[in-house]
Amino acid sequence: MPITTVNGSQFGDEGKGKIVDLLAEHFDLGVRPTAGDNAGHTVVANGKTIKMRLAPSAIVAGTPVIIGDDVMINPFTLAKEIEDLKSAGVDVDNLLTVSTNTHLVLPYHVYLDELNEVGETPIGTTKRGIGPAFADKVNRKGMRMEEFVSPEILKKRLEQLTERVNRMAVALGGDKEFNAQELYEQLAPAADILRPYVGPSAQKIHKALAEGQEVLIEGAQGSLNDLVFGTYPYVTSSRPIVGGLLAGAGVGPKHVERVIGVMKPYQTRVGIGPIVGEMFGEEADLIVRRGNEYGTVTGRARRVMACDLVALKHTSELNGTTAFALTKLDVLDESPKIKLVTGYIVDGKKADLFPTNLDYAKVKEEYTIIDGWNTPTSHIRDYDKLPKQVKELVNIIEQFTNVAVAIVSVGADREATIVRHPEMVLPKRALAAYQK
Ligand code: IMP
Ligand code: MG
């Protein structure tokens with residue numbers, strides 16, 4: 001069964017890009033099936049830092065990739081990203097397919113997102129227009145990639161859509177008017193750049209699976225940002241859980257062999273919304289600084305929390321996680337104490353089920369606190385050589401969640417990684433290279 005998924009177990013920004021980049025060379029095909037340029041993935045390879053928002057991270061390793069059916073594409077972002085990847089030496093022309101079924105984020109979606117966010121109930125979006133674009137998609141008023149790259153259809157669709165959008169903008173207090181012809185002129189050059197990459201996605205994945213190829217499906221954002229299971233309404237408009245990834249890729253679960261959940265030994269959140277285990281002051285600043293915890297898309301300093309094992313267990317169940325990749329361990333190298341949330345109290349009672357959305361905002365956390373290791377870990381490549389406090393941390397995570405920590409990442413670079421259980425994260429044919 002040749003599908004491996006990699007997705008976020010927390011609130012996003014767990015370091016999925018790095019893990020995908022590490023694994024990608026062992027796979028025949030990489031798929032990014034959901035979300036839009038609200039996501040930001042950073043890959044550090046061969047001394048170069050590459051930031052991506054839409055292209056699957058697997059492309060950096062030279063693996064053929066597909067932007068899958070449920071992705072929301074800002075054409076300007078993708079056109080620019082293609083150019084950036086090319087100048088970083090990536091063979092984009094031979095590696096990238098963009099699904100005909102992806103939808104477009106158009107300039108008016110960005111404007112509607114801004115209008116929503118200055119209204120009475122902002123949720124702290126990335127203001128990339130993702131929510132309004134998904135709303136149009138669900139409302140059957142969206143623009144699909146297949147239409148976008150066909151000049152006649154693009155022109156006609158813009159004429160159909162623009163008048164309604166202008167009325168919506170006025171209703172939301174806006175004063176900007178969009179004109180179909182102007183939009184067409186603005187968008188046509190980006191359509192020209194994207195056209196050669198557009199093709200079917202799910203069908204290609206099915207063919208790859210039928211041929212026994214190994215497919216790596218990568219998520220965007222984290223499970224706690226999930227539209228349905230996250231802290232609604234402070235969530236994104238797509239589905240970062242594994243079920244969402246499979247739906248976006250157009251494949252059933254029978255092919256899935258490995259479900260890798262990426263997690264940090266602390267948590268961060270951008271935007272607003274309730275959080276459990278928040279850290280403040282020097283304790284938080286140290287992590288923001290050492291972990292460079294600023295939004296890739298927005299530049300906002302992320303809010304920092306203790307690693308929440310109650311939530312992690314919940315998301316591992318939502319996803320069917322079979323192994324964790326623990327990233328950014330080295331960020332805690334100077335933290336005197338390591339805090340883990342290991343219990344929730346709601347209305348004075350210990351919660352035995354994960355709380356409902358309204359109760360989550362009332363949670364009082366219980367902590368398990370262990371000593372920090374106060375020593376650098378970034379140079380370590382052997383699990384046994386990690387400080388004993390790190391092993392204690394890993395043990396607590398595994399005991400609490402019943403999921404093994406298969407990868408430990410100790411730095412941003414591809415090399416700064418300990419693959420502790422290769423058989424849990426790599427296709428069988430790739431194991432030989434990893435056997436000690
Ligand atoms: P939107 O996705 O821009 O609509 O924003 C909705 C919420 O999801 C906000 O709290 C964002 O900060 C959050 N969000 C969206 N994309 C990401 C991501 O890639 N990482 C972390 N949070 C994200
Ligand atoms: Mg990110």
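Reader: How many nonpolar, polar and charged residues are in the shell around ligand 1?

Author: You're looking at a predicted model: local features need pLDDT of at least 70, side-chain atom pairs count only at pLDDT 80 or more, and totals for chains, interfaces and linings use all residues. Residues are numbered from 1 along each chain as its sequence is written, chains are lettered from A and ligands numbered from 1 in the order in which they are written, and side-chain values use heavy atoms, leaving out hydrogens and water. Ala, Val, Leu, Ile, Met, Phe, Trp, Tyr, Cys and Pro count as nonpolar, Asp, Glu, Lys and Arg as charged, and the others, Gly among them, as polar. By class, that gives four nonpolar, eight polar and two charged residues.

Reader: Which residues come nearest to ligand 1?

Author: A residue is near if one of its heavy atoms lies within 4 Å of the ligand. There are 14 residues around ligand 1, and those that come nearest are Asp13, Asn38, Thr126, Gln221 and Thr236.

Reader: How far is an oxygen atom of ligand 1 from an N or O atom in the side chain of Thr236?

Author: Look for a polar contact, a pair of N or O atoms within 3.5 Å. For the side chain of Thr236, the distance to a ligand oxygen is 2.6 Å.

Reader: Why does Thr63 count as buried?

Author: Thr63 is in the loop between strand 4 (48-52) and strand 5 (65-73), strands being DSSP runs (E, at least two residues) numbered from the N terminus. Buried means under 20% relative accessible area (1.4 Å probe, protein chains only). Thr63 counts as buried because its relative accessibility is 3%.

Key
A polar contact is a pair of N or O atoms within 3.5 Å; within protein, one must be able to donate a hydrogen and the other to accept it, and residues adjacent in sequence count only if both atoms are side-chain atoms. Helices (H or I, at least four residues) and strands (E, at least two) are DSSP runs, numbered from the N terminus. Buried means under 20% relative accessible area, exposed over 50%, partly exposed in between (1.4 Å probe, protein chains only).
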